[in-house]
Amino acid sequence: MMENEHALRARICQVGRLMHQFQWVDGVSGNISARLDAERLLVTPSGHAKGFMTPNDLLIIDLAGQVLAPLDRPDLKPTSEILMHLEVYHKRPDVGGVVHAHPPNAVALSIAGISVQSYAVPETLLLLGEVPTTPYAT
């Protein structure tokens, strides 16, 4: 395994643990991906709790979503939301990673039809600008 791939695998697992620790995900929700290079991505597997992943649980896929590795682990499939990740990478070649969380408070506001913008602290507005909310959908 290349050193940068090893470090990226460790970083993705660290982000997964933080997502779990700060309750931005529950159960097996949420997903993470990162560019390995111009042609390949590291992605979290479907059905695995982000707080308990190991570097060997991650998959390498191409930009068409085909699994390149590991080929000897049929139990691992890319996140069920891989098409969203791929669309980001196709539209934005400058993006190096995608973290998709499911914070319960944000999900509750979305289901209730309340914009997260209404509850953003001024610092969020200064750092991020407007935070759009899409209608809830499965």
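Where is the place of Asp57: in which loop, and between which strands? In this predicted model, Asp57 sits in the loop that joins strand E2 (40-43) and strand E3 (59-62).

**View 1. A close look at Asp57 and its surroundings.** Is Asp57 buried or exposed? With 11% relative accessibility, Asp57 counts as buried, because the cut-off for buried is under 20%. Setting aside neighbours within four places in sequence, Asp57 is in contact with Pro45, His48, Phe52, Arg73 and Leu76.

**View 2. Leu58 and what it touches.** Go on to Leu58, a member of the largest nonpolar core. Not counting residues up to four places away in sequence, Leu58 touches Arg9, Ile12, Leu42, Val43, Thr44, Pro45, Met53 and Pro70. Among these partners, Ile12, Leu42 and Met53 belong to the largest nonpolar core too. Pro45 turns up on the contact list of Leu58 and also on that of Asp57.

**View 3. The largest nonpolar core.** Eleven residues make up this one: Ile12, Cys13, Met19, Val25, Ile32, Ala34, Leu36, Leu42, Met53, Leu58 and Ile60. Helix H1 (3-21) and strand E1 (31-35) each put in at least two of them. Which element gives the largest share? That would be H1, with three residues.

**View 4. A second core, apart from the largest one.** This other core has ten residues, including Leu59, Ile61, Ile82 and Val98. Follow the chain through this stretch and you go back and forth: Leu58 and Ile60 are in the largest core, while Leu59 and Ile61 are in the other.

**View 5. Zooming out to the whole chain.** How many helices and strands does the chain have? Count four helices and five strands, running α-β-β-β-β-α-β-α-α from the N terminus on. The C-alpha trace spans about 45 × 30 × 25 Å along its principal axes. A compact globule of 138 residues would have a radius of gyration near 14 Å, and the 16 Å of this chain agrees with that. If you look only at contacts with a separation of 6 or more, 48% of them come from residues 24 or more positions apart.

**View 6. Surface and charge.** Of the 138 residues, 30% count as buried. The accessible surface of the chain comes to about 8600 Å², and carbon and sulfur atoms hold 60% of that. As for charge, there are 10 positive and 14 negative side chains, with the centres of the two sets 2 Å apart.

Terms used: Residues numbered from 1 in each chain as written. Predicted model: local features only at pLDDT ≥ 70, side-chain atom pairs only at ≥ 80, totals over all residues. Heavy atoms only, no water. Core = buried A, V, L, I, M, F, W, Y, C linked by side-chain atoms within 4.5 Å. Buried < 20%, exposed > 50% of the residue type's maximum accessible area, 1.4 Å probe, protein only. Helix = DSSP H or I, 4+ residues; strand = E, 2+ residues; numbered from the N terminus. Contact = heavy atoms within 4.5 Å. Rg over C-alpha atoms; globule rule 2.2 N^0.38 Å. Areas by Shrake-Rupley, 256 points an atom, 1.4 Å probe, with all protein chains shown as cover. Lys, Arg positive; Asp, Glu negative; His and termini not counted. Charge placed at Lys NZ, Arg CZ, Asp CG, Glu CD.
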